[in-house]
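User: I am new to this structure and would like to go through it in questions and answers. Please show it to me before we begin.

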Amino acid sequence: MTEQEAYRILGISPGADEADIKRRYRKLMMRAHPDAGLENPIDDARKINAAYTLLKKRTPQGGPGSAGRTSGGRQDRQEEKSSAWDAPVNIHAYTERDILHYAEDREGTVLGSFCIARGKYLWKTQEDFPLFLLSIYRCSSQILDEADGILKRADAPAIRPRIQAELSYLLAQQFIDGTSLLKELAHQEMTDASGQPVFRVSAMLESGKTVSGPQLHTPPALCPGETLCPSALRQHRLYLKDRSGREVGYLSFPDDRLYYTIIPLFEQRRARVRIRVSSKQPSGSRYARCYQNLDLWLKLSQEKLSGPPESLNLQIERLLERYRRG
């Protein structure tokens, strides 16, 4: 796709600034919603998204109207080939997934979501994360529905909710590159003696207790600056212990993206951490007593694993076999 074609698809004049491009894009995507009555809504949405992606990349770098011109057919063909969605692909992923986009009215109110592309695309921060999780949930539902259909089950087995939760987690791992995303989502605090980056991330200690009536169970009292260590990984949670060996809760994150990025690194034994209780703690809410802020520094391990990590596809197949047995 050339720049001139992108401007034509969006219906704006060459040289439009970033705000005008974005405004026009939102308006056209709303019209491209399947409920709007267009003949080919998905195809239209893909073209609109490809045009917006091209102009958004070029406009900020050179200013209005200064986006670089294409040098010939080869570049145009490369851009058109990747125009469905501009993201890396995991060719080994178990299944394809939808790239979803919010449908909004003219006031910006979200009306729902619809698919603008489908493939084995990795998640990137430009894709809304709740919509990414929704796409993964839909993948897991489809896979389990197909299994039920093959077995001609009238009703899904009782274990389906647990199986689907685990399946969704495994599928999400196939579309998240934790090593690359860590550099984008975390803060590079320092480098170690060998020059390896050490990242600081926002984290919390969650007690794992539940609300019981008007009272809340509080986590064990910990002093600011106290060091905590990993205790065990259970059900995709990293439990922590204090210096006496007492388990005090599990690692939590205020940003869900960090959970899906960091916990798999621990499961793959690819991360080392230093954790201490933060001097700044939440206040003003009775629910805050279930959480304590942590200062967490993380470094990716350079050591080789003791054995190759188990294939996610193999884990998925084993999980589905459990589901088929009911």
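The questions below deal with a pocket, some helix pairs and one residue of this predicted model.

User: Which helix gives the most to the lining of the largest pocket?

Analyst: The model is predicted, and its largest pocket has a volume of about 690 Å³. At least two lining residues each come from α2 (18-31), α3 (41-62) and β1 (97-104). The element that gives the most, with seven residues, is α2.

User: Which residues lie nearest the centre of the largest pocket, and how many residues of its lining are charged?

Analyst: The lining consists of 30 residues, and Lys22, Tyr25, Arg26, Tyr52 and His101 lie nearest the centre. Divided by class, the lining of the largest pocket has 11 nonpolar and five polar residues, and the number of charged residues is 14.

User: Why is α5 described as oblique to α6?

Analyst: The axes of α5 (residues 129-151) and α6 (residues 160-174) come within 9 Å and cross at roughly 125°. An angle over 145 degrees would count as roughly antiparallel, and 65 to 115 as roughly perpendicular. The crossing angle of roughly 125° falls in neither range, so α5 and α6 are oblique.

User: What is the handedness of the crossing of α5 and α6, and how many residues of the contact are nonpolar?

Analyst: The crossing of α5 and α6 is right-handed. On the α5 side the contact includes Phe132, Ile136 and Leu144, and on the α6 side it includes Ile163, Leu167 and Leu171. Three residues of this contact are charged and four are polar, while the number of nonpolar residues is 10.

User: Which residues of α9 does α5 meet?

Analyst: α5 and α9 (residues 312-325) pack at an angle of about 45°, with their axes 10 Å apart, and that angle makes α5 oblique to α9. The crossing of the two helices is right-handed. From α5, the residues Ile143, Leu144, Ala147, Asp148 and Leu151 take part, and in α9 they meet Leu320, Tyr323 and Arg324.

User: How many polar residues are in the contact of α5 with α9?

Analyst: Ile143, Leu144, Ala147, Asp148 and Leu151 of α5 meet Leu320, Tyr323 and Arg324 of α9. By class, this contact has six nonpolar and two charged residues, and as for polar ones there are no such residues.

User: Where does Tyr260 sit, and what separates its C-alpha atom from that of Gln173?

Analyst: Tyr260 has its place in α8 (residues 256-267). With neighbours within four places in sequence left aside, Tyr260 is in contact with Phe129, Leu133, Tyr169, Ala172 and Ile176. Tyr260 and Gln173 are 87 residues apart along the chain, and their C-alpha atoms are separated by 7.3 Å.

User: Is the crossing of α7 and α8 left-handed or right-handed?

Analyst: α7 (residues 178-185) and α8 pack at an angle of about 135°, with their axes 10 Å apart. The two helices are therefore oblique to each other. Their crossing is left-handed.

User: Which residues of α8 meet α7?

Analyst: The α7 side of the contact is made by Gly178, Thr179, Leu181, Leu182 and Leu185. By class, the contact of α7 with α8 has six nonpolar, three polar and one charged residues. The α8 residues that meet α7 are Arg257, Leu258, Thr261, Ile262 and Leu265.

Technical notes
Residues numbered from 1 in each chain as written. Predicted model: local features only at pLDDT ≥ 70, side-chain atom pairs only at ≥ 80, totals over all residues. Heavy atoms only, no water. 1 Å grid on protein atoms, 1.4 Å probe; cavity = no way out; pocket = protein on both sides within 12 Å on 5 of 7 lines; lining within 4 Å. Points joined across faces, edges and corners; volume = space filled by probe spheres on them. Helix = DSSP H or I, 4+ residues; strand = E, 2+ residues; numbered from the N terminus. Nonpolar A, V, L, I, M, F, W, Y, C, P; charged D, E, K, R; others polar. Axes fitted to C-alpha atoms, helices over the stretch in contact; angles between N-to-C directions. Parallel < 35°, antiparallel > 145°, perpendicular 65-115°, else oblique. Left-handed = near helix turned anticlockwise from the far one by under 90°. Contact = heavy atoms within 4.5 Å.
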